[in-house]
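Colleague: Please take me through one part of this model in close detail, and feel free to build up to it from its surroundings.

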Amino acid sequence: MTIRFYDSATSTIRDFQPVHPGEARIYYCGATVQGAPHIGHIRSGLVFDQLARWLSYRGLKVTTVRNVTDIDDKILVNSASSYEDSYTGDHPREEWWALAYRFEKIFGQAYAALNIAPPTYEPRATGHIPEMFALIQRLIDRGYAYPALDDSGDVYFDVRSWPQYGSLTHQSIDDMQDAPDADPRGKRDPRDFALWKGYKQGEPETASWVSPWGKGRPGWHLECSAMAGKYLGETFDIHGGGLDLRFPHHENEMAQSQVAGYGFANFWMHNGLVTYEGEKMSKSIGNTVSPEDMLAAARPLAVRYYLGQAHYRSVLDYRPTSLDEARVAVERIEAFLAKTQSYHSASSVVPAAFAEAMDDDLGIPQALAVLHEKVKAGNAALVAGSSAETEASEVYAMAKVLGLVELMNFGGSADTGGEHAALDSLIQTMLAQRTEARAAKDWAKADEIRDALAAAGLTIKDGTSGSTWSLG
Ligand SMILES: [Zn+2]
């Protein structure tokens with residue numbers, strides 16, 4: 001077994017060798033809780049959930065850390081405007097920390113609804129101020145950081161002090177944009193970025209801490225370096241996040257940690273973004289889709305399947321029909337598992353072809369192709385009167401490691417999910433019988449089955465990858 005990942009720092013696919021034998025330690029950047037999540041945030045959480053589940057299936061002891069950025073310029077700005085209190089209907093102004101808690105919970109609900117497992121540790125930035133002081137002091141002592149040249153009380157990272165700055169994103173310093181986080185007059189170079197932000201008049205007193213460099217609050221990049229070091233050690237296996245975080249955020253995290261003398265991440269893994277019909281999602285265009293919108297339109301099972309079906313490095317393009325296609329595909333798996341429950345077992349193993357695809361840079365599309373093939377073979381076995389035990393056990397193991405099983409409904413008519421699965425199971429059986437009749441050139445029987453389905457109000461579409469059905 002060799003697990004390989006694409007490492008964005010070196011732009012190569014490399015074999016995964018754990019830093020600590022038998023373990024996988026993963027840090028991925030979580031939310032800045034300034035507002036409600038969009039599906040890009042949730043895709044990132046899902047990708048690293050899939051990764052952690054797979055490495056755990058492969059027998060590694062997995063430790064994951066996903067931070068919560070609960071102090072930030074935008075949190076302070078947003079808390080200055082009023083909001084509608086869900087209990088009283090009033091419109092009070094909200095403390096910055098109350099706003100941060102409110103959105104942290106909304107993120108948590110979206111992750112939970114989609115069966116994205118909580119990370120091992122979920123540290124908040126404001127809970128790690130002493131660790132950040134220690135890191136800043138270490139960078140100053142080693143000659144890589146300096147207090148601002150003006151009286152702002154800021155502390156900056158000196159990008160020209162480290163020749164490798166820019167290596168994560170393969171850029172030279174001269175081509176980089178300025179760091180727009182502070183008045184450049186206080187900086188040696190406009191690209192120097194803030195490790196510590198001095199307190200400014202008008203900001204809430206509660207959003208500042210007394211530091212050796214004056215009252216202030218931490219910079220965004222610094223917190224991830226401090227918290228990754230605390231929970232995962234000086235050198236760990238994988239650092240992840242959305243592609244949009246590579247620069248400046250990850251470049252700066254890597255610079256801070258490496259000049260401090262730490263190995264930091266062995267692999268950098270970045271997930272692709274989510275677009276809407278080919279366009280970047282943005283509030284100004286008005287084409288954003290929230291997890292709430294998706295969960296109103298489809299079952300959590302279909303939403304998880306949809307957001308997790310593409311390769312993690314590719315762009316995931318959302319179209320209005322996307323969720324329905326995902327629902328049809330995943331309910332076919334669910335229907336097969338509903339029929340074969342007696343063969344589900346915690347000790348079930350995935351087929352070799354599935355494992356090979358997952359080991360190869362988390363090749364979910366290829367792995368899903370194996371899964372659907374097994375469902376097809378299992379249904380054919382059932383039609384032929386066999387038990388489909390092997391297929392059932394393997395399909396269960398695959399659906400489980402992909403985090404789908406917990407969102408499935410294998411019976412009962414308590415909700416539409418179960419009813420739909422039961423109906424799908426019946427229809428799939430009839431479709432398989434029709435295919436058999438056609439293969440045997442028994443046209444009368446094939447027509448009889450088609451007519452029976454039509455009389456029940458079902459429309460059948462024959463495609464290259466099998467038949468799909470819909471009501472009406
Ligand atoms: Zn980060």
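Modeller: Happy to! Let's begin with a small open sheet in this predicted model: three strands in the order β13-β12-β14, with mixed pairing. β13 (279-280) and β14 (316-318) are the edge strands, and each has a single partner, so one side of each is left without a neighbour in the sheet. Strand β12 (residues 274-276) pairs with β13 in the antiparallel sense, over two bridges. Within that pairing, Tyr 276 stands opposite Glu 279 of β13.

From there, step back along the chain to helix α6 (residues 246-259). Its 14 residues should span 20 Å at 1.5 Å a residue, and its end C-alpha atoms are 18 Å apart, which agrees. Ten of those 14 residues are buried, so α6 is largely enclosed by the rest of the structure. Among the buried ones are His 249, His 250, Glu 251, Asn 252 and Glu 253, and further along the helix Met 254, Ala 255, Gln 256, Ser 257 and Val 259. The cover over these buried residues includes two helices, α4 (129-141) and α5 (220-232), along with strands β6 (155-157), β7 (193-198), β10 (235-242) and β11 (264-271). Just after α6, Gly 261 takes a positive phi of about 100°.

Two residues of α6 bring us to the metal. The zinc ion is coordinated by His 249 through NE2 and Glu 253 through OE, together with the SG atoms of Cys 29 and Cys 224, at 2.1 to 2.3 Å. An α-helix has 3.6 residues a turn, so residues three or four places apart point the same way. In sequence, the donors follow the spacing C-x194-C-x24-H-x3-E. Distant parts of the chain are linked here: Cys 29 lies in the loop between β3 (23-28) and α1 (39-57), and Glu 253 sits in α6, 224 residues apart. Both Cys 29 and Glu 253 are buried.

What is the geometry of the zinc site? The site is irregular, with angles of 78 to 132° among its four donor atoms. For reference, the ideal angle for four tetrahedral donors is 109.5 degrees. The 78° end of the range is what matters, because a tetrahedral label needs all angles between 85 and 135 degrees.

One last stop, further along the chain: an unreviewed UniProt entry annotates residues 353-408 as "domain: Cysteinyl-tRNA synthetase class Ia DALR". Over that stretch, the chain is 71% helix and 0% strand, with its end C-alpha atoms 24 Å apart.

Key. Residues are numbered from 1 along each chain as its sequence is written. This is a predicted model: local features need pLDDT of at least 70, side-chain atom pairs count only at pLDDT 80 or more; totals for chains, interfaces and linings use all residues. Side-chain values use heavy atoms; hydrogens and water are left out. UniProt positions are given in the numbering used here, feature names are shortened, and annotations may be inferred rather than shown by experiment. Helices (H or I, at least four residues) and strands (E, at least two) are DSSP runs, numbered from the N terminus. Donors are N, O and S atoms within 2.8 Å of the metal (3.2 Å for Na, K and Ca); water is not among the atoms, so sites may look incomplete. Four donors count as tetrahedral if all angles lie between 85 and 135 degrees; four count as square planar and six as octahedral if opposite donors are over 155 degrees apart and all others between 65 and 115; anything else is irregular. Buried means under 20% relative accessible area, exposed over 50%, partly exposed in between (1.4 Å probe, protein chains only). Two strands pair if DSSP finds at least two bridges between them. The expected span of a helix is 1.5 Å times one less than its number of residues. Contact means heavy atoms within 4.5 Å.
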